[in-house]
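Visitor: I have a structure to look at and some questions about its fold and its core. Could you walk me through it?

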Amino acid sequence: PDEVTTIPQNAFGGYRGLNSIDFNKVETIGALAFQECDIESVTFSEFVREIGMGAFQSCQSLSSIYLPSSIELLSEDAFAFCPALMSVSYDVVKFPESGGFANSIFTRSPIDKATLYVPTNMIEACKTEEPWSNFGQILPLPTGTNPNAVESTFATSPRGTDAVYDLQGRRFSGESLSKGVYIVNGKKVLIK
């Protein structure tokens, strides 16, 4: 639920049945919180600030990661020993703290064969900053990659038949909507 802002140390470590996570308003992910889980893809919300030591270590199926610009701390071995890792999309604005362990964030994960997607204006900086410079390819972040971004806008309220929710999950039906961000048929929209 939204009240959960911290996933504590070892919370789900070794839980093989866990293959998807919705981080809602989680800000901190503790050490080894999801180690050895069957997660294939991780998309962090814009609330996530800290990813603890070994948080996703040894996730054998983890092949893609989306990191938002909100990340302030990426700890040692956060994504270490993830042999399937092929893609990291990072909406980086400035590089996060690494506690002096930048080179070990992806220890023994095949980032030399993986692709790093970053905003166009950060490509050159990533080519000289470890561990980002160790990726096999560094390419521009495709438009629409940020799952937390507003997908489209409406000049007025959406059609009355659309399922409309606010960001707290409250459903609106047949009501005039004020300016703001809503979920309409599974997509984030901005009403101006």
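What follows is a set of questions and answers on this predicted model.

Visitor: In what order do the strands of the open sheet of 4 strands run?
Guide: The pairing in this sheet is parallel. Strand 1 (6–7) and strand 6 (73–74) stand at the edges, each with a single partner strand, so one side of each has no neighbour in the sheet. Read across, the order is 1-2-4-6.

Visitor: Which residue is the bridge partner of Ile29 in strand 4?
Guide: Strand 2 covers residues 28–29 and strand 4 covers residues 50–51. The two run parallel and are joined by 2 bridges. The partner of Ile29 is Ile51.

Visitor: Which residue in strand 7 stands opposite Ile65?
Guide: Strand 5 is joined to strand 3 by 3 bridges, in parallel. There, Ser41 has Ser64 as its bridge partner. Strand 5 also pairs with strand 7, again parallel, over 4 bridges. In strand 7, the residue opposite Ile65 is Val88.

Visitor: What kind of aromatic pair do Phe34 and Phe56 form?
Guide: The whole structure holds 12 aromatic pairs. In this one, the ring centres are 5.1 Å apart and the planes are at 10°. Planes under 30 degrees apart count as stacked. So the pair of Phe34 and Phe56 is stacked.

Visitor: How many residues apart in sequence are the parts that Phe34 and Phe56 tie together?
Guide: Phe34 lies in the loop between strand 2 and strand 3 (41–43). Phe56 lies in the loop between strand 4 and strand 5 (64–67). Both residues are buried. The pair therefore ties together parts separated in sequence by 22 residues.

Visitor: What kind of pair do Phe44 and Phe56 make?
Guide: Phe44 lies in the loop between strand 3 and strand 4, so its pair with Phe56 ties together parts 12 residues apart in sequence. The ring centres are 5.6 Å apart. The planes stand at 85°, so the pair is edge-to-face.

Visitor: Is Phe44 buried or exposed?
Guide: Buried means under 20% relative accessible area. Phe56, at 0%, meets that cut-off. Phe44 has a relative accessible area of 1%, so Phe44 is buried.

Visitor: How many residues does the largest nonpolar core have?
Guide: In soluble globular proteins, nonpolar side chains tend to be buried together. Here, Ile29, Phe44, Ile51, Phe56, Leu67 and Phe79 have the most contacts inside the largest core. Strand 5, strand 7 (87–90), strand 8 (115–118) and helix 1 (123–126) each supply at least two of its residues. The size of this core is 40 residues.

Visitor: How many residues does the other core have?
Guide: This core lies apart from the largest one. Its members include Val164, Leu177, Val184 and Val189. Its size is 5 residues.

Visitor: How many charged residues are in the lining of the second largest pocket?
Guide: This pocket holds about 150 Å³ of space. Its lining includes Pro1, Ile7, Phe12, Asp22 and Phe34. By class, there are 9 nonpolar and 2 polar residues, and the charged count is 1.

Visitor: How far apart in space are Cys82 and Thr107, C-alpha to C-alpha?
Guide: Cys82 is in the loop between strand 6 and strand 7. Cys82 is buried, at 0% relative accessibility. In sequence, Cys82 and Thr107 are 25 residues apart. In space, the C-alpha to C-alpha distance is 8.5 Å.

Methods
Residues are numbered from 1 along each chain as its sequence is written. This is a predicted model: local features need pLDDT of at least 70, side-chain atom pairs count only at pLDDT 80 or more; totals for chains, interfaces and linings use all residues. Side-chain values use heavy atoms; hydrogens and water are left out. Two strands pair if DSSP finds at least two bridges between them. Rings of Phe, Tyr and Trp (its six-membered ring) pair if their centres lie within 6.5 Å; planes under 30 degrees apart count as stacked, over 60 as edge-to-face and the rest as tilted. Buried means under 20% relative accessible area, exposed over 50%, partly exposed in between (1.4 Å probe, protein chains only). A nonpolar core is a set of buried Ala, Val, Leu, Ile, Met, Phe, Trp, Tyr and Cys residues joined through side-chain atoms within 4.5 Å. On a 1 Å grid over the protein atoms alone, a cavity is a set of points where a 1.4 Å probe fits but cannot get out, and a pocket is an open set with protein on both sides within 12 Å along at least five of seven lines; lining residues have an atom within 4 Å of a point. Grid points are joined across faces, edges and corners, and a volume is the space filled by probe spheres set on the points. Ala, Val, Leu, Ile, Met, Phe, Trp, Tyr, Cys and Pro count as nonpolar, Asp, Glu, Lys and Arg as charged, and the others, Gly among them, as polar.
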